[in-house]
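User: I am new to this structure and would like a close look at a single part, set out carefully and with its surroundings.

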Amino acid sequence: MKKIEEQLESIEEVLSLVIRKNASIENLIQTATESQNKTLADSVIDIKNDLKQHSSSQNLETYLSEIKQAVASVPKTPEVQHHHHFDLQSKGFIISAALLLLSTAISIAVAISNYGESSRLQESDIKFRIARQLSPALIAEVDSIYYEDPDRAELETQKREAHEITVREAEKLLKQRQNEAKQARELLNNLKRD
């Protein structure tokens with residue numbers, strides 16, 4: 001947090017320095033323009049004085065060409081050049097911004113994950129409440145087993161689930177074998193008839 005505050009302070013210092021330099025550049029441009037305008041005014045006065053003294057048209061043409069060149073050399077708008085570059089302080093700011101974006105993305109991912117888990121837990125809660133309404137005695141027994149030793153209850157549940165899966169697979173295999181035996185009898189009967 002201190003680094004960010006230090007970076008903000010350094011950015012403020014740089015901005016104030018840029019503002020001061022910009023103001024001094026504008027003052028220099030204004031001073032240059034005023035001095036050129038004064039020079040032009042002096043030239044016009046000199047030309048008028050010379051015209052009064054000399055009436056030749058050739059002098060008039062040279063003075064007019066000098067005036068046109070002087071007017072052409074005066075800039076109509078001041079040129080300001082912008083230089084954009086990365087220095088050590090701006091690199092830190094960019095890295096900080098990237099880290100903030102990364103942490104925001106991770107936070108959003110965790111929030112989405114927690115929402116999914118919350119939905120799953122809500123479904124389990126509803127199922128458990130339905131089971132409690134249908135068989136309060138069974139749920140009381142389950143609660144007593146769980147509260148005695150939660151770790152043992154989890155292991156016992158896993159064993160029973162594994163046993164149930166094994167029984168289902170055995171029943172499925174038995175049905176498959178019975179179907180195969182039935183087909184073999186039918187084939188045998190067909191062969192005996194022929």
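In which helix does Glu13 lie?

Analyst: Glu13 lies in helix α1, which covers residues 2-53. The model is a predicted one, and every value below is computed from it.

To place this helix, it helps to begin with the whole chain. The secondary structure of the protein chain comes to five helices and zero strands, and from the N terminus on the elements run α-α-α-α-α. Of the 194 residues, 4% count as buried, while the accessible surface comes to about 17800 Å², of which 59% belongs to carbon and sulfur atoms.

Glu13 itself counts as exposed, because its relative accessibility is 55% and the cut-off for exposed is over 50%. Together with Glu5, Glu6, Glu9 and Glu12, Glu13 forms a negative surface patch. Residues that take part in a salt bridge are left out of such patches, so Glu13, as a member of this one, has no salt bridge by that rule.

Helix α1 also contributes to a patch of another kind. Ile4, Leu8, Ile11, Leu15, Phe93 and Ile94 form a nonpolar patch on the surface, with about 520 Å² of accessible area together. The elements that give two or more residues to this nonpolar patch are α1 and α3, and the largest share, four residues, comes from α1. Leu15 is one of the patch residues and is found in helix α1.

Since α3 shares in that patch, the view can now move along to α3 and to the charged pairs found there. Side chains of opposite charge can pair when their charged atoms come close. A search of the whole structure finds six salt bridges, and one of them joins the side chains of Asp125 and Arg129, at 3.4 Å from N to O. Asp125 and Arg129 both lie in helix α3, which covers residues 88-134, and they stand four residues apart, about one turn of the helix. Asp125 is partly exposed, with a relative accessible area of 38%.

A further salt bridge leads out of α3, for the side chains of Arg132 and Asp143 meet at 3.9 Å, N to O. Arg132 lies in helix α3 and Asp143 in helix α4 (residues 136-148), so this pair ties together parts that are 11 residues apart in sequence. Both partners are partly exposed, Arg132 with a relative accessible area of 37% and Asp143 with one of 23%.

The aromatic residues give a count of one aromatic pair. This pair consists of Tyr146 and Tyr147 and is edge-to-face, with 5.6 Å centre to centre and 75 degrees between the planes. Tyr146 counts as partly exposed at 43% relative accessibility, whereas Tyr147 is exposed, with a relative accessible area of 64%.

Another salt bridge is found in helix α5, where Glu164 pairs with Arg168, the closest N and O atoms being 3.6 Å apart. Glu164 and Arg168 both lie in α5 (residues 150-193), four residues apart, about one turn of the helix. Glu164 is partly exposed, with a relative accessible area of 38%, and Arg168 counts as exposed at 54%.

To return to the part you asked about, Glu13 is an exposed residue of helix α1 and belongs to a negative surface patch, and α1 also gives four residues to the nonpolar patch.

Conventions. Residues numbered from 1 in each chain as written. Predicted model: local features only at pLDDT ≥ 70, side-chain atom pairs only at ≥ 80, totals over all residues. Heavy atoms only, no water. Salt bridge = Lys/Arg side-chain N within 4 Å of Asp/Glu carboxyl O. Buried < 20%, exposed > 50% of the residue type's maximum accessible area, 1.4 Å probe, protein only. Phe/Tyr/Trp six-rings, centres within 6.5 Å; stacked < 30°, edge-to-face > 60°. Patch = residues over 30% accessible without salt bridge, like charges linked within 9 Å, V, L, I, M, F, W, Y side chains within 5 Å. Areas by Shrake-Rupley, 256 points an atom, 1.4 Å probe, with all protein chains shown as cover. Lys, Arg positive; Asp, Glu negative; His and termini not counted. Charge placed at Lys NZ, Arg CZ, Asp CG, Glu CD.
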